[in-house]
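Trainee: Could we go through this structure together, with the reasoning behind each label spelled out?

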Amino acid sequence: MKNYGNGFATGAALIGAAALLLLAAALTGRGDMTSATLVLVGVGCFIGGVFILTQFQGESAPPWVGGLAAADPVIDLARFCADLGLQGDAHLFLRDREIVQIVPVGDLPPTQLPPDTYSFVSEEYGGGVQLLPPGRSLYDRLVRENNLVVPHDMARLCTAIREVGEDTLELAEKVEAVPEGDLIEIRLSGYRLFDGCSAIRAASPKCCTMIGCPTCSLFACMAVAGLGRPCKIEHVSTDEKERSVRLILRPLD
């Protein structure tokens, strides 16, 4: 695994921020939208921090540690959205040069992107929850520290996804990304964080498309940034025997 310099400090800072936000939510205990917002942001920071720490080269931890560490926050966030009555999949959007994620009430995407970062999306904009994509902190760091520039055409975007997944982050033995009509199909063979996939899907496969793990979310962030279009996490499936993941992304108009 490659050494990313100050990756440990970045990951630790995110986890520290998550702890403070979740502690604030617990202490206030008001059970209102403000508390829910603190929980959403705190979980997002925790996921990003854990994922960055797993890529830091100090004393290398077993890959299953990173996979399982990210699993519970994804499951909890999906459960939180389901308890609110949401049934949609993750829709990622580019707003003011930042990528945001919206989980809509149903299958339809938001009618329009809300103008602010408030966690709860009103019915005026289609209803749902707005949150930080689990892979955005990782994407931001790749741009900032590794000078990642995502191509704007589909073929070169797929090449960039493969290079980031297989060469830069070494997430899997082999990463394939190909255009399939209007879709992007990504396959990770010999996925090193697969234990996290198993834990998440044991809770519910819906977690994979409603929230997305940091890896799938990272690739969705790249698609949004490169194509300049919203993107939906449409399908995720796994093969336990081969420890592989198949991800389908749908760019939207």
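Trainee: Why is Arg 250 called partly exposed?

Mentor: This is a predicted model, and in it Arg 250 has a relative accessible area of 29%. Buried means under 20% and exposed means over 50%, so Arg 250 falls in between and counts as partly exposed.

Trainee: What makes Arg 250 and Glu 234 a salt bridge?

Mentor: Their closest N and O atoms are 2.6 Å apart. The cut-off is 4 Å between a side-chain nitrogen of Lys or Arg and a carboxyl oxygen of Asp or Glu, so the pair qualifies. Arg 250 lies in strand β8 and Glu 234 in strand β7, so the salt bridge ties together parts that are 16 residues apart in sequence. Glu 234 is partly exposed, at 26% relative accessibility.

Trainee: How do you know that β7 and β8 are paired strands?

Mentor: Eight bridges join β7 to strand β8, residues 244-251, and the two run antiparallel. Pairing asks for at least two bridges, so these strands pass. One of the bridges sets Thr 238 opposite Val 245 in β8. The hairpin of β7 and β8 has four residues between the strands, and Arg 243 there takes a positive phi near 50°.

Trainee: What about β1 and β7, which pair over two bridges?

Mentor: Pairing needs at least two bridges, so two bridges are enough for β1 (residues 91-95) and β7 (residues 231-239). They pair in the antiparallel sense, and Lys 232 in β7 is the bridge partner of His 91.

Trainee: What is the strand order in the open sheet, and why are β3 and β5 said to stand at the edges?

Mentor: The eight strands follow the order β3-β4-β2-β1-β7-β8-β6-β5, with antiparallel pairing. β3 (120-121) and β5 each have a single partner strand, so one side of each is left without a neighbour in the sheet. For β5, eight bridges join the strand to β6, residues 183-191, in an antiparallel run. Val 178 stands opposite Glu 185 in β6.

Trainee: Is Glu 185 buried or exposed?

Mentor: Buried: its relative accessibility is 10%, and the label applies under 20%. Glu 185 also has a charged partner, since its side chain meets that of Arg 246 in a salt bridge at 3.0 Å, N to O. The pair links distant parts of the chain, with Glu 185 in strand β6 and Arg 246 in strand β8, 61 residues apart. Arg 246 is partly exposed, with a relative accessible area of 27%.

Trainee: What makes Glu 176 and Lys 174 a salt bridge, with N and O atoms 3.9 Å apart?

Mentor: The limit is within 4 Å, so 3.9 Å still counts for this pair. Glu 176 is at 33% relative accessibility and counts as partly exposed, and so does Lys 174 at 45%. A search of the whole structure finds 14 salt bridges. Salt bridges also link Glu 98, Arg 136 and Asp 140 in a network.

Trainee: Now the nonpolar side. Which residues touch the most other members of the largest nonpolar core?

Mentor: They are Ile 186, Tyr 191, Phe 219, Met 222 and Leu 249, in a core of 58 residues. Helix α8 (residues 214-227) gives the most to this core, with ten residues. Apart from it lies another core, of five residues, among them Phe 93, Ile 102, Val 121 and Tyr 125. Leaving aside neighbours within four places in sequence, the contacts of Tyr 191 include Leu 171, Cys 197, Cys 213 and Val 245.

Trainee: Why is Val 65 called partly exposed?

Mentor: Val 65, in helix α3 (residues 63-83), has 32% relative accessibility, so the residue counts as partly exposed. Together with Trp 64 and Leu 68, Val 65 forms a nonpolar patch on the surface, with about 260 Å² of accessible area.

Trainee: And why is Asn 147 called exposed, while Glu 170 is partly exposed?

Mentor: Asn 147 is at 62% relative accessibility, and exposed means over 50%. Glu 170 has 25%, between the two cut-offs of 20% and 50%. Asn 147 sits in the loop between α4 (136-145) and α5 (154-168), and Glu 170 in the loop between α5 and β5 (172-180). Phi is positive in each, near 55° for Asn 147 and near 55° for Glu 170.

Notes
Residues numbered from 1 in each chain as written. Predicted model: local features only at pLDDT ≥ 70, side-chain atom pairs only at ≥ 80, totals over all residues. Heavy atoms only, no water. Patch = residues over 30% accessible without salt bridge, like charges linked within 9 Å, V, L, I, M, F, W, Y side chains within 5 Å. Areas by Shrake-Rupley, 256 points an atom, 1.4 Å probe, with all protein chains shown as cover. Buried < 20%, exposed > 50% of the residue type's maximum accessible area, 1.4 Å probe, protein only. Core = buried A, V, L, I, M, F, W, Y, C linked by side-chain atoms within 4.5 Å. Contact = heavy atoms within 4.5 Å.
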